[in-house]
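Reader: I have a structure open beside its sequence, and I would like to learn how to read its features one at a time. Could you take me through them?

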Amino acid sequence: MKKILNKLSKINKNLYIVWWHTREKILWWDYSWDIDLATDANPTELREILNSVTEVWKKYWTIIVNEDNESYELTSFRKDIWILDNRRPVEVEFTDSIEEDSCRRDFTFNAIYLDVKNQQYIDPQNWIIDLKNKTIRFIWNPIDRIKEDALRILRFVRFKNKYDFKLWNDNYLKILKSNIELLKNLSIERIKSELDKIILLDNNIQALKELKQIGFFKIFIPEIDNLVKTPWWAKHHLEWNVWVHTLMTIGELNKYFKDTKRFNIKLNIDNNLKLDLYWTMLLHDIWKNDTYSIDWNKNIHYYWHEKYSYHKSKEILKNFKFSNKSKKTILWLIENHLRVFKVFDMKTLKARKFMMHDSFILLIIVWLADHKWRLPTDDIIIEKLIKFYNKFIKTLSSKKFLNWNDILVKYPDLKWREIKNKLNALNDKILIS
């Protein structure tokens, strides 16, 4: 960064840090070193003085600068004009005014600049007070800011709940709701990216409640919105509907991720795995509203809801363009989320094959989150399940299975299909021995 600053100084231009780093440094967070930069130099000047400049998102005039083996996103001060589809500026006008650049940003706490040379905060609109008061506020008219970029609806929910900010205006959530339809103009990839960030928040439960409140799920995943209409069986649950139950299962995942040793399950958790589990809990009961029935004894049933939830979730995951790996994991967990406790009653071969599935350990976590609030809570069965699984894993580690070449050597006259059948049969015997 020092080299970039020196080159800009030679043409009497300045360099500023913006966005994440500045905001979180002021809040005394463990701020990110993923630094975004801004400057009063225009793109033509930047191309002339900087090396290894790569233009990305050309319509937004953001460039990647590589200096001394370090890469930074660098944006020239600008004014956005003629916004298309609530996202794309059709024409961009550059400026050397930090005041004008600050006015085109989304939230007041994102319009604070850290002067790299002097290490001083520049607050052209005196908005740093909002950040210090932990208040979220749109810059000037919130409706205008949303129409410029509809993704700000989701970003508002994310920032509010990430930093536990209070609303500057009590009508903000109503404004978000009245403009929620504008999100339809955006690509589903951008929406999912923002939604994933919201789901990974520590305060994700409140954020999900607000997404429902502003009508997001009603538009994009109506099955989740309808969970509130689905009554729960009071005989076995404290929750009064399946939406509340879904949020409580997410709460259990939150507890697990904060203390992965609490269930004595060895599992390396990264954000991709977290997202798969969170999405599983969001979708695992989405078809209960359509399978809901009451028998003659006033007992509530949701027959085969896991099968129907599986098929509906398949459509949802496709629409949101999940990776094939995530789709495979999430759908398997949804389809089998009621089967895990039946492993004790399965025949040995079937049970062991079931437990050998790559996602079986995740299925245990899903089952624990799903049944934690069941009445009565059976902690003994939980401990029994985990011990049963860990014992199997220890047994499995001592077994040596045959491969294709082993069969070819031992049975050279077999055809390819026969080889596969023989291999499966012999490995099954090894598995149950």
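Reader: Which side chain meets that of Arg-137 in a salt bridge, and what is the distance from N to O?

Author: Keep in mind that this is a predicted model. To call a salt bridge, one looks for a side-chain nitrogen of Lys or Arg within 4 Å of a carboxyl oxygen of Asp or Glu. Here the side chain of Arg-137 meets that of Asp-130 in such a bridge, at 2.8 Å from N to O, and both Arg-137 and Asp-130 are buried. A search of the whole structure finds 21 salt bridges.

Reader: How should I read the salt bridge of Glu-148 and Arg-145, and by how much of a helical turn are the two residues separated?

Author: One reads the distance together with the places of the partners in the chain. The side chains of Glu-148 and Arg-145 meet at 2.6 Å, N to O, and the two residues are separated by about one helical turn because they are three residues apart in helix α6, which spans residues 142–148. As for solvent, Arg-145 has a relative accessible area of 8%, so it counts as buried, the cut-off for that word being under 20%.

Reader: Where in the chain do the partners Glu-223 and Lys-312 lie?

Author: The side chains of Glu-223 and Lys-312 meet in a salt bridge of 3.3 Å, N to O. This pair links distant parts of the chain, with Glu-223 in helix α12 (residues 222–225) and Lys-312 in helix α16 (residues 305–319), 89 residues apart. Both Glu-223 and Lys-312 are buried. Salt bridges can also be linked into a network, as they are for Lys-79, Glu-93 and Glu-100.

Reader: Turning to the nonpolar interior, which residues have the most contacts inside the largest core?

Author: A nonpolar core is read as a set of buried nonpolar residues joined through their side-chain atoms. The largest one here has 95 residues, and those with the most contacts inside it are Leu-183, Leu-211, Phe-216, Trp-279 and Leu-283. Helix α19, residues 360–371, gives the largest share of this core, with 10 residues. If you select Leu-283 and leave aside residues up to four places away in sequence, you will find that it touches Ile-221, Ile-224, Ser-309, Ser-313, Ile-316, Leu-317 and Ile-334. There is also a second, separate core of 17 residues, which includes Ile-17, Leu-50, Ile-63 and Leu-74.

Reader: What share of the residues is buried in the whole chain, and how many helices and strands does the chain have?

Author: Buried residues make up 49% of the 433 residues, and the protein chain has 22 helices and 13 strands. Among contacts between residues at least 6 apart in sequence, 64% join residues at least 24 apart.

Reader: And on the surface, which residues form a nonpolar patch?

Author: For a patch, one looks for nonpolar side chains that are accessible and lie within 5 Å of one another. In this model Tyr-303, Trp-304 and Tyr-308 form one, with about 410 Å² of accessible area together. Tyr-303 is placed in the loop between β13 (300–302) and α16, and it is exposed, with a relative accessible area of 53%. The protein chain exposes about 23,000 Å², of which carbon and sulfur atoms supply 50%.

Reader: Is Asp-379 buried, exposed or partly exposed?

Author: Asp-379, which lies in helix α20 (residues 379–397), is partly exposed, with a relative accessible area of 40%.

Notes. Residues numbered from 1 in each chain as written. Predicted model: local features only at pLDDT ≥ 70, side-chain atom pairs only at ≥ 80, totals over all residues. Heavy atoms only, no water. Helix = DSSP H or I, 4+ residues; strand = E, 2+ residues; numbered from the N terminus. Buried < 20%, exposed > 50% of the residue type's maximum accessible area, 1.4 Å probe, protein only. Contact = heavy atoms within 4.5 Å. Areas by Shrake-Rupley, 256 points an atom, 1.4 Å probe, with all protein chains shown as cover. Core = buried A, V, L, I, M, F, W, Y, C linked by side-chain atoms within 4.5 Å. Patch = residues over 30% accessible without salt bridge, like charges linked within 9 Å, V, L, I, M, F, W, Y side chains within 5 Å.
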